[in-house]
Amino acid sequence: MEKRNKCPLVKKCGGCNLCGETYEEYLKKKEDELNSLLGEYTSDLYDPHIRVLGMKDPYHYRHKVTAAFSYKKGEIISGIYEKNSHRVLKSDSCFIENETADKIIVTIRSLLKSFKIKVYDEDTGYGLLRYVMVRVGKATGQVMVILVVSDPVFPSKNNFVKELVKRHPEITTVILNVNSRTDSMVLGERNIKLYGPGKIEDSLCNVRYNISPQAFFQVNPEMTEKIYRTAIDFAKLKKTDKVIDAYCGIGTIALTASSHVEEVTGVELNHDAIEDAIENSYKNRIKNVRFIAGDAGAFMQEAAADGVKADVVFMAPPRTGSTIEFINAIFAMEPSRVVYVSCNPETLKRDLKQLTKKYKVKRIMGFDQFPWTEHVETVCLLSNRKPDTKVRIDVDLEDYYRIKDSKKNQN
């Protein structure tokens, strides 16, 4: 793949700080770093070299785009925040953002003056429009536009939406999201439908999903599907298997696995995500899945204490990794296979140090989920090598969760 010129904002933005070389060179560096980090767990693998699977076209992959608004020399600008600040860098297009989303944001910016809509100023608290978020369905092409405002009174909102949809007929729904908070959260809790059903649909691995404004849905669906299919393949699921999907979110892994097994239980702390997961199971007429709102570690501990057994546990924790309580619960429950889907290889390495006291690493594969950034997703298969052996971790929690690498605070 040919080398592209670096984005002119790369030094200020930091969103795609590794662009400017060929994709092959970039992938090789990421692969080398992953092997260096996790190499101690690959000596017994059939192929001890961990591959990082890339994209055919590693550009414009972000299907959720958020733009901030500000003024510069009296002109309304939109774009992204400068790295480590809340100064808006003007950007009409981006190498890694969906092109339809970028064009819609530019159109919205061009309409603001004629509709006399002021953009929000964080310092003074004056102004109406704070952000615009656009979500584009990869499989369906449906488009959601979210206008994030400080106040629900939006001047001439019907005419504004009518003009916006006229210019972009691909838009299927428009939401007014009210956010009066003073912190850095983009979305508020109140949503007002201005046009369309208030949701869009998309699909992953032949499962359809409703996506509401606040719903978590991976921004790179193409690579997400490859990650999930790999996780399912690693697990070697059987029709008699009972599966737990911990940290299940809106149920993407659970619903994908459901057709391969007897039953799946998904556990997630976020109640809104669980509501979406339940709705998605009904939507797809999947009956062998149940979803529970609660802490994954606490659920696993209670289930293990009650003698509940699982053949396979899928775990996809946040960047901070799993917890000692959760890992101890896995030891107590003794599933034959654990599939760890990691968004942070450093905390994966930390957790593998504990998990390998009872489990053996069988396969590892990396995925370039966010091309031109330092992030890498990893799918790791572990099998129970010490059945019926009692193992428990008791260490200082503060020390266990101390991550020394300077990358720990990256988003």
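Is Gln369 buried or exposed? In this predicted model, Gln369 counts as buried, because its relative accessibility is 1% and the limit for a buried residue is under 20%. The legends below begin with the surroundings of this residue.

**Figure 1. Gln369 and its surroundings in the loop between strands S16 and S17.**
Strand S16 covers residues 359-367 and strand S17 covers residues 377-384, and Gln369 lies in the loop between them. The side chain of Gln369 is joined to the side chain of Gln218 by a polar contact of 3.2 Å. When residues up to four places away in sequence are not counted, Gln369 touches Tyr61, Gln218, Asn220, Met223, Thr224, Ile227 and Glu377. Gln218 therefore appears both as the partner in the polar contact and in the list of residues that Gln369 touches, while Gln369 itself is buried.

**Figure 2. The open sheet of eight strands.**
The strands follow one another in the order S1-S16-S17-S15-S14-S11-S12-S13, and their pairing is mixed. At the edges are strand S1 (52-53) and strand S13 (289-293), each of which pairs on one side only. Within the sheet, strand S11 (residues 242-246) and strand S12 (residues 263-268) run parallel and are joined by five bridges. Across this pair, Asp245 stands opposite Gly266 in S12. Helix H10 (residues 345-355) lies across S15 (337-342), S16 and S17, and the direction of H10 is at about 160° to that of S15.

**Figure 3. The open sheet of seven strands.**
This sheet has the strand order S4-S3-S2-S5-S6-S7-S8, again with mixed pairing. Its edge strands are S4 (88-90) and S8 (190-195), and each pairs on one side only. On average, neighbouring strands are turned by 35° against each other, with direction ignored. Helix H4 packs on the sheet and touches S6, S7 (171-178) and S8; the direction of H4 makes about 60° with that of S8.

**Figure 4. Strand S5 and its partners S2 and S6.**
Strand S5 spans residues 129-136, and eight of its eight residues are buried, so the strand is largely enclosed by the rest of the structure. Strand S2 (residues 64-72) runs antiparallel to S5, and five bridges join the two. Two positions illustrate this pairing: Ala68 has Tyr131 of S5 as its bridge partner, and Thr66 stands opposite Met133 in S5. In a regular strand, side chains alternate between the two faces of the sheet. S5 also pairs with S6 in the antiparallel sense, over seven bridges. There, the bridge partner of Arg135 is Met144 in S6. The hairpin of S5 and S6 has six residues between the strands, and Gly141 in this hairpin takes a positive phi near 75°.

**Figure 5. Ser150 in the loop between strand S6 and helix H4.**
Strand S6 (143-149) is followed by the loop that holds Ser150, which is found between this strand and helix H4 (157-167). Ser150 is buried, because its relative accessible area is 18%, and the limit for this class is under 20%. The side chain of Ser150 reaches the backbone oxygen of Gly127 at 2.8 Å. Leaving aside neighbours within four places in sequence, the residues in contact with Ser150 are Tyr120, Gly127, Leu128, Arg130, Val178, Asn179 and Ser180.

**Figure 6. The packing of helices H3 and H4.**
Helix H3 (residues 99-112) and helix H4 pack with their axes 11 Å apart, at an angle of about 140°. This angle makes H3 oblique to H4. H3 passes H4 in a right-handed crossing. The residues that make the contact are Ile104, Thr107, Ile108, Ser110, Leu111 and Leu112 of H3, together with Phe160, Glu163, Leu164 and Arg167 of H4.

**Figure 7. The packing of helices H8 and H9.**
Helix H8 (residues 296-305) and helix H9 (residues 324-333) have axes that come within 8 Å and cross at roughly 25°. H8 is therefore roughly parallel to H9. The crossing of H8 past H9 is left-handed. On the side of H8, Ala296, Gly297, Met300, Gln301, Ala303 and Ala304 take part, and they meet Glu325, Phe326, Ala329, Ile330, Ala332 and Met333 in H9.

Technical notes. Residues numbered from 1 in each chain as written. Predicted model: local features only at pLDDT ≥ 70, side-chain atom pairs only at ≥ 80, totals over all residues. Heavy atoms only, no water. Helix = DSSP H or I, 4+ residues; strand = E, 2+ residues; numbered from the N terminus. Buried < 20%, exposed > 50% of the residue type's maximum accessible area, 1.4 Å probe, protein only. Polar contact = N/O pair within 3.5 Å; in protein donor to acceptor, adjacent residues only side chain to side chain. Contact = heavy atoms within 4.5 Å. Pairing = 2+ DSSP bridges. Axes fitted to C-alpha atoms, helices over the stretch in contact; angles between N-to-C directions. Parallel < 35°, antiparallel > 145°, perpendicular 65-115°, else oblique. Left-handed = near helix turned anticlockwise from the far one by under 90°.
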